[in-house]
Amino acid sequence: MSRKRFAPSSRAAAVVTGAGSGIGRSLAYEIVRRGGSVICADIDKARAQETADLLNQLGSGVAIARSCDVGKEKQVAELADAAPDLLGRPVTLVINNAGVGAGGRIGEVSLKDWRWCVQVNLWGVIHGCHFFVPQLKELGYGGIINIASAAGFAAAPEMTTYNVTKSGVLSLTETLHAELCGTGVHVTAVCPTFVPTRIVEDSRLPESRKNFAGAAMSKWALTDADTVAAKALNAVDRNQLYVVPQPDGRLAWRAKRLLPALYARGVGEVYRGFVH
Ligand SMILES: NC(=O)c1ccc[n+]([C@@H]2O[C@H](COP(=O)([O-])OP(=O)(O)OC[C@H]3O[C@@H](n4cnc5c(N)ncnc54)[C@H](O)[C@@H]3O)[C@@H](O)[C@H]2O)c1
């Protein structure tokens, strides 16, 4: 197979974490639509099973539900060990998607919520890369997609917990992309802004912020989970490092890079306007 033509999203043997809902479910669906099979891993087995059942209506045996807490090293190690047997062939595509929302002002967010968010969003992706990258390297082709967020660079106030984890995911993905250059394994980071899913409902945000985030999500979401999933898979096929799927995210991305000091002041002033 020519490396130039290789498209990891086509007929993939894939693992998607957090596949029981939202973007993860859409990713799993799109993988199956492109002729692949997928392990739908989620901390909530019932949700993972629901996704697998939906996908298996498209073609039997294409999806397998698996319970896995990505924050737990042992569970991700077991998933990585079991995956080739479950799929009946080596894993060719890994999507570290599972994530949770937490936030509040620095000094007021509880350390318990900090730890929870870091454990799932950052350690979850570290575990996924740690246990699956060696398999892909050995195979000599494949793809890894890490679902980061525009929060990883936008520095929105009162979202520090989440922002920190997503900056970490971006940095990890950038480094991995460099390390795997020329190996045949493609690496992509996805940075959406608002996408209507369960994330706010399941988050640990203060109640007033939860209401605000829920309203923002329905007012400002410029795309849906299916579109984000398709863009993510198209990007990994091209070995494109960054995907910023929405125009508001691309605006923040460019403003921060071109005018970092002005961007930081602007964010502060807008925030001051909101809270006073
Ligand atoms: N929805 C958005 O606006 C948005 C924006 C940018 C980035 N993201 C990112 O997209 C990814 C998917 O989120 P979503 O919006 O689809 O949310 P979602 O809540 O709809 O889905 C997340 C899934 O992850 C699962 N999960 C939670 N903790 C887990 C754990 N420890 N181990 C395994 N699975 C776990 C949940 O059960 C759920 O099924 C996350 O990484 C999120 O940070 C979302």
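Is H127 buried or exposed? H127 is buried, at a relative accessible area of 5% (buried means under 20%, exposed over 50%, partly exposed in between, with a 1.4 Å probe and protein chains only). Some notes follow.

1. Ground rules. This is a predicted model, where local features need pLDDT of at least 70, side-chain atom pairs count only at pLDDT 80 or more, and totals for chains, interfaces and linings use all residues. Residues are numbered from 1 along each chain as its sequence is written, and side-chain values use heavy atoms, with hydrogens and water left out.

2. The ligand shell. There are 29 residues around the ligand, and S21, D42, N97, Y162 and T197 come nearest (a residue is near if one of its heavy atoms lies within 4 Å). By type, the shell splits into 15 nonpolar, nine polar and five charged residues; here Ala, Val, Leu, Ile, Met, Phe, Trp, Tyr, Cys and Pro are nonpolar, Asp, Glu, Lys and Arg are charged, and the others, Gly among them, are polar. Helices α1 (22–33) and α6 (160–179) each bring at least two residues to the shell (helices are DSSP runs of H or I, at least four residues, numbered from the N terminus).

3. Polar contacts to the ligand. The term covers a pair of N or O atoms within 3.5 Å; within protein, one must be able to donate a hydrogen and the other to accept it, and residues adjacent in sequence count only if both atoms are side-chain atoms. The side chain of D42 puts an N or O atom 2.6 Å from a ligand oxygen, and a polar side-chain atom of T197 also sits 2.6 Å from a ligand oxygen. I23 uses a backbone N or O atom instead, 2.8 Å from an oxygen of the ligand. On its own the ligand exposes 830 Å², and the protein buries 95% of that (Shrake-Rupley areas, 1.4 Å probe).

4. Helix α4. N121 lies in α4, residues 111–139, and is buried, with a relative accessible area of 1%. Its side chain reaches the backbone nitrogen of V100 at 2.8 Å. H127, from the opening question, lies in α4 too. The C-alpha atoms of H127 and V185 are 18 Å apart, with the two positions 58 residues apart along the chain.

5. Helix α9. For the twelve residues 247–258, a rise of 1.5 Å a residue gives 16 Å, which agrees with the 16 Å between the end C-alpha atoms (the expected span is 1.5 Å times one less than the number of residues). G249, A252 and W253 are the buried residues of α9. They fall within an arc of 100° seen down the axis, so they line one face of the helix (the arc is that of the directions from the helix axis to the C-beta atoms). L251, R254 and L258 are exposed on the other side of α9.
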